[in-house]
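Open your viewer and get the selection tool ready. We will make a few stops together.

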Amino acid sequence: MQVEFRECPICWTSFQVNRNAAARHIYCIPRCNAEAARRRRRERDETADVAEAEPMKPASPDPTPLAPTAVRSWPYCDKPVTIVALLATPEAARPSIPAASRDVIPMRRN
């Protein structure tokens, strides 16, 4: 059995480790392992707090206006309404209902 000596990064004590399992053993005892986990959690939380505290930069205005996807008449007053697809494709502006499916119940138009 080959033995390797290591130094614990938490308490700085020297300890023996079997060379075959050396990659897994970083800390000398479970208490040091738990302390390292607490420190990592604290650093992660502090980093998240700093990121939340940073002011958000205003988005730069887009110089080109959005192109209308479709123009429909509003059913209540028959005035034209322009539909602009922000995060959709032109196909999403005109959805189609699959034919004769028990899972899809079409909405009624009044």
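The tour goes from cysteines to a charged patch and then to two loops.

This is a predicted model, where local features need pLDDT of at least 70, side-chain atom pairs count only at pLDDT 80 or more, and totals for chains, interfaces and linings use all residues. Residues are numbered from 1 along each chain as its sequence is written, and side-chain values use heavy atoms, with hydrogens and water left out.

**Cysteines**

Select Cys8, Cys11 and Cys32. How many disulfides are there? The count is 0, where a disulfide is a pair of cysteine sulfur atoms within 2.5 Å. For Cys8, the nearest cysteine sulfur belongs to Cys11, 3.8 Å away. Cys32 has its closest cysteine sulfur in Cys11 too, and at 3.7 Å that is too far for a bond. Cys8 is buried, at 0% relative accessibility, and Cys32 is buried at 7% (buried means under 20% relative accessible area, exposed over 50%, partly exposed in between, with a 1.4 Å probe and protein chains only).

**A charged patch**

Next, pick Glu43, Asp45, Glu46 and Asp49, which form a negatively charged surface patch (members have over 30% relative accessible area and no salt bridge, that is, no side-chain nitrogen of Lys or Arg within 4 Å of a carboxyl oxygen of Asp or Glu; like charges are joined within 9 Å). Glu43 sits in helix H1, residues 30-53 (a DSSP run of H or I, at least four residues; strands are runs of E, at least two), and is exposed at 52%.

**Two loops**

Most residues other than glycine have a negative phi. Now select Trp12, in the loop between strand S1 (3-7) and strand S2 (14-18): its phi is positive, about 60 degrees. Trp12 is exposed, at 57%. Finish at Asp78, between strand S3 (70-73) and strand S4 (80-83), where phi is also positive, near 60 degrees. Asp78 is exposed at 60% relative accessibility.

Key: Patch = residues over 30% accessible without salt bridge, like charges linked within 9 Å, V, L, I, M, F, W, Y side chains within 5 Å. Areas by Shrake-Rupley, 256 points an atom, 1.4 Å probe, with all protein chains shown as cover. Lys, Arg positive; Asp, Glu negative; His and termini not counted. Charge placed at Lys NZ, Arg CZ, Asp CG, Glu CD.
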